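The following exercises introduce one protein chain. Please attempt each task before reading its solution.

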Amino acid sequence: ISRLEGMVRNFLEFPRPAAPTLRPQCILAIIDKTLDLAQHQIRQSRMRFLYEKPMELPQVLADPQQLEQVLLNLLNNAIEATSEGGEIRLLPTLKRVPGNGEYVVVRVQDTGPGIPEEVRKRIFDPFYTTKENGTGLGLYIATQIMAQLGGKLVLERSTPGATSFAMWVPTAK
């Protein structure tokens with residue numbers, strides 16, 4: 001039993017992201033690089049893509065590769081959920097939380113069918129997936145990354161025709 005517990009523990013620890021290298025980063029540059037990586041998939045999806053890019057945002061304290069991984073996961077999920085002719089929006093904004101500092105909040109919104117209530121309850125659990133070829137690790141790893149960065153990843157809303165995920169990234173002091 002002890003050996004099996006050890007094997008299961010090692011298996012569950014496998015998908016944990018590496019410790020981040022935190023340093024001040026320009027989040028708009030990270031978003032631009034991620035969009036370059038996703039450009040082919042966005043074009044092939046034949047949907048409307050809107051990026052409401054602000055003139056400037058403060059730097060965030062982050063590991064750029066890990067932020068790219070989280071954002072790319074959210075974009076891929078939105079593309080997969082949204083049918084042809086639908087719309088995906090990327091909205092970065094600054095949010096001040098009294099007593100808790102400043103965050104850059106990057107919202108990824110889509111016009112897909114929404115996420116059923118029973119799925120919402122488990123969407124961030126490891127190995128939980130509704131996709132035929134999914135592993136159930138994408139959103140789980142993304143939430144782990146955001147926690148290591150001192151931020152968070154949340155499902156803000158999901159109704160038929162409107163799903164919104166928000167990635168909260170702390171600003172660099």
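**Exercise 1: The largest pocket**

Task: Determine which helices and strands each supply at least two residues of the lining of the largest pocket.

Solution. The helix α3 (64-81), the strand β5 (101-110), the helix α5 (138-148) and the strand β7 (162-170) each supply at least two lining residues. Helices (H or I, at least four residues) and strands (E, at least two) are DSSP runs, numbered from the N terminus. The greatest contribution, seven residues, comes from α3. In total, 30 residues line the pocket, and Asn77, Ile123, Thr130, Lys131 and Leu139 lie nearest its centre.

The model is predicted: local features need pLDDT of at least 70, side-chain atom pairs count only at pLDDT 80 or more, and totals for chains, interfaces and linings use all residues. Residues are numbered from 1 along each chain as its sequence is written, and side-chain values use heavy atoms, with hydrogens and water left out.

**Exercise 2: Glutamine 109**

Task: Establish whether Glutamine 109 is buried or exposed, and list the residues that Glutamine 109 touches.

Solution. First, locate the residue: Glutamine 109 belongs to strand β5. Next, consider its relative accessible area, which is 14%. Buried means under 20% and exposed over 50%, with partly exposed in between (1.4 Å probe, protein chains only). Glutamine 109 is therefore buried. Finally, leaving aside residues up to four places away in sequence, Glutamine 109 touches Glu87, Ile88, Arg89, Leu91, Arg157, Thr163 and Ser164; contact means heavy atoms within 4.5 Å.

**Exercise 3: The whole chain**

Task: State how many helices and strands the chain has.

Solution. The chain has five helices and seven strands. Along the sequence, their pattern is α-β-α-β-β-α-β-β-α-α-β-β.

Definitions and conventions
On a 1 Å grid over the protein atoms alone, a cavity is a set of points where a 1.4 Å probe fits but cannot get out, and a pocket is an open set with protein on both sides within 12 Å along at least five of seven lines; lining residues have an atom within 4 Å of a point.
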